[in-house]
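Thanks for sharing this one. Here are my notes, set out as numbered points so that you can follow them with the viewer open.

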Amino acid sequence: MKKLLALLTGAMLLMSALSPASARRSSAPDGGRPVDYVKLKGLSQPKYETVREVFEVPMEDGINLYVEVERPKAEGRFPVILELSPYHGTVADRLGTRILPGPVVDGKHVGLSGYFAPRGYAVVFVDLRGTGRSEGCLDHLGPADASDSYEIVEWAAKQKWSNGRVGMTGHSYVGSTPQLAMAQKPPHLVTIVPSAGLARMYDHKFQNGVPYNLQWAGPLFAYEALAIDRYLPPGTSDPVTDGNTGDNFGNDPQYIGCGAPQSTAVTGDAYMRGQETQWDRDRDFAKGATKSDVPVFLVHGVNDNAARIAAADWFNKRRKPQDKAWIGQWDHGVGRYPNSRTCPAASQAPCENDQWTEALHAWFDKWLQERDVDTGPPVEVFLNNGKIYTAPVWPPTPDKKIRFYPAADGSLGSSSGAAGTVQYIAGPQDTGNYAATFDSKPFKEDTLIVGLPKLHLVETQTSPFLHINATLYDVDGDTADAIGKANWAIQPELREGIGNPQPAVPGLPMSMDLTSMAQAHVLEKGHVLRFVVSSYNSDKVPTFGAGGAVLVHVGGDDPTYFDLPIVENPRYYDEVCYGADPPLRSVTCISP
């Protein structure tokens, strides 16, 4: 009886998605109307001349970190904005233009320091140990970096020009150091604004054991290459890392290459199989970041091709009312940093609609200068149809979940149907015989998918070691666009946990429950939802031997299925942005 009720419920939910929209509004709470951040009132204004100072700050173990500070050239104490980075002098400057490329003064991009210091902030740039001009060995966000992050926050808070209120921000690796610091609980850290960051290094390399392209190699050798670039003769660019050379030329030669023993190369065979090791556990600060009460303004793109949004899992678990999130369609750089709501980094003239600069400005003014300013809705989701959906918390509570069952005939339906299997061959593609593909009927209304889809996968494999990637596609005629990145992925030996490998026995059916990367997508009326299971994915490194067969179990008592979080009849708002990005199709950015 329970199974019958479940099937009837699933059918009703699916039919509602494939039938005309009702007149009622979503029952999910709305986050409120987006603001035009450029028009906010009460923000701090530029009124100070500034001065830049250089410090060498000793850490507990005697290693000196190189620090540059730009602050008001005036008496008084000011709040601190801190950037803790491994990129200074190689792929980023000590101005903060990577996280804040928009502001331009006298034709020059001025970054964090040129924008915030005149407005009454002390902007602090710190080189992580083993990078830039700091002493020591690269630690890849390990225990030494964790200790340093606590110490440097407290050092900045106790300077004579500081009022003791410290905020952190940054993009990519530099968007990870704020979580690292927050997890150490420094008393004077007031807020963080991480863009495309993470809270455990494992998430930089793998999705449940399946290695990401390029980033899989980052902790192996790429970051150490950047650390070495600073010692090479100046004036060149490293052809591998694209980093500038010579930032620390002639200094501290005893540290050249000393970060290698801290690289992930020490994990050996486990690195090829995607297993979590002690190296990863030493660089897992997600629990502390999730539990912290420090307010967070998170920025992440569902199409990020370097720091996949699965790395924001720590934030998904917070659900704290003081937090804010921007979730958008952008990739890791979108030709600018860090998101599609800022001016192009190549622009040499001020633009009039730089939403990102003013949103960051408002956030720091609120939490660091304690001004009564509007920081906008708690959650703004920038959708593929060019609209904004807002919510009070991320991920939003869905109105309902639609369950899709793949069937042996290649369809997606509302019931499990007869038991069977669909086979594909693990190989170099995700089409044809190299994939199991299932299509829904055309949707009869626009359907908003927001949140974390779940997959129950049942499969049998003939090879003991391979990858499973399951991806959703939005199909419009002959065009099929992936919805985000590979939504679900696993190396089946890790089905009991990334640190608990269990043999995948050929011929033995295995059940796996997986959570997708976060999604924010409107499946438009008339489009088809496609579900593809394959061992290959263009976003992943195929470290398995090709040729084995995978049988996806469909129908019967324990079928494969997935649940999509759906918002019914959502309220959409018009986008306010600098200009249309390629991920936003046919978008005209207008003021509300």
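1. Let me begin with the cavity lining. Please keep in mind that this is a predicted model. By class, eight nonpolar and four charged residues line the largest cavity, and no polar ones do. The lining is made up of F315, R319, K320, P321, D323, K324, A325, P378, V379, P392, V393 and W394. The space inside the largest cavity comes to about 60 Å³. Searching the whole structure turns up five cavities of 30 Å³ or more.

2. W394 deserves a second look. Besides lining the largest cavity, W394 is joined to P395 by a cis peptide bond, with omega at about -10°. Most peptide bonds are trans. You will find P395 in the loop that runs between β14 (387–391) and β15 (400–406).

3. Next, the aromatic rings. How many aromatic pairs does the structure hold? There are 28. One of them is the tilted pair of F531 and F562, whose ring centres are 4.8 Å apart and whose planes make an angle of 40°. This pair links distant parts of the chain, as F531 belongs to strand β26 (residues 528–534) and F562 to strand β28 (residues 561–567), 31 residues apart. Are these two rings buried or exposed? F531 has a relative accessible area of 0% and so is buried; F562, also at 0%, counts as buried.

4. A cluster of rings is worth displaying too. Ring pairs connect Y37, F297, W326, W330, W356, W363, W367 and F382. One member of this cluster, W326, also has a charged neighbour: R341 lies over the face of W326, 4.7 Å from the ring centre. Elsewhere, the charged end of R119 is placed over the ring of Y115, at 3.8 Å from the ring's centre.

5. Two backbone angles may catch your eye. Most residues other than glycine have a negative phi. L141, however, has a positive phi near 60°, and E370 has a positive phi of about 55°. Both sit in loops: L141 between β6 (122–127) and α3 (143–157), and E370 between α11 (355–367) and β13 (379–382). Their surroundings can be told apart by accessibility. L141 has a relative accessible area of 1% and is therefore buried, whereas E370, at 56%, is exposed.

6. Here is a loop residue with a polar contact. T90 is located in the loop between β3 (78–85) and β4 (104–105). With a relative accessibility of 4%, T90 counts as buried, because the cut-off for that class is under 20%. What does the side chain of T90 reach? Its partner is the backbone oxygen of Y87, at 3.0 Å.

7. Lastly, a buried aromatic residue in a loop. F443 is part of the loop between β18 (435–439) and β19 (447–451), and its relative accessible area of 4% makes it buried. If you would like a distance to check in your viewer, the C-alpha atoms of F443 and D252 are separated by 63 Å. Along the chain, these two residues are 191 residues apart.

Notes:
Residues numbered from 1 in each chain as written. Predicted model: local features only at pLDDT ≥ 70, side-chain atom pairs only at ≥ 80, totals over all residues. Heavy atoms only, no water. 1 Å grid on protein atoms, 1.4 Å probe; cavity = no way out; pocket = protein on both sides within 12 Å on 5 of 7 lines; lining within 4 Å. Points joined across faces, edges and corners; volume = space filled by probe spheres on them. Nonpolar A, V, L, I, M, F, W, Y, C, P; charged D, E, K, R; others polar. Phe/Tyr/Trp six-rings, centres within 6.5 Å; stacked < 30°, edge-to-face > 60°. Helix = DSSP H or I, 4+ residues; strand = E, 2+ residues; numbered from the N terminus. Buried < 20%, exposed > 50% of the residue type's maximum accessible area, 1.4 Å probe, protein only. Lys NZ or Arg CZ within 6 Å of the ring centre and 35° of its normal. Polar contact = N/O pair within 3.5 Å; in protein donor to acceptor, adjacent residues only side chain to side chain.
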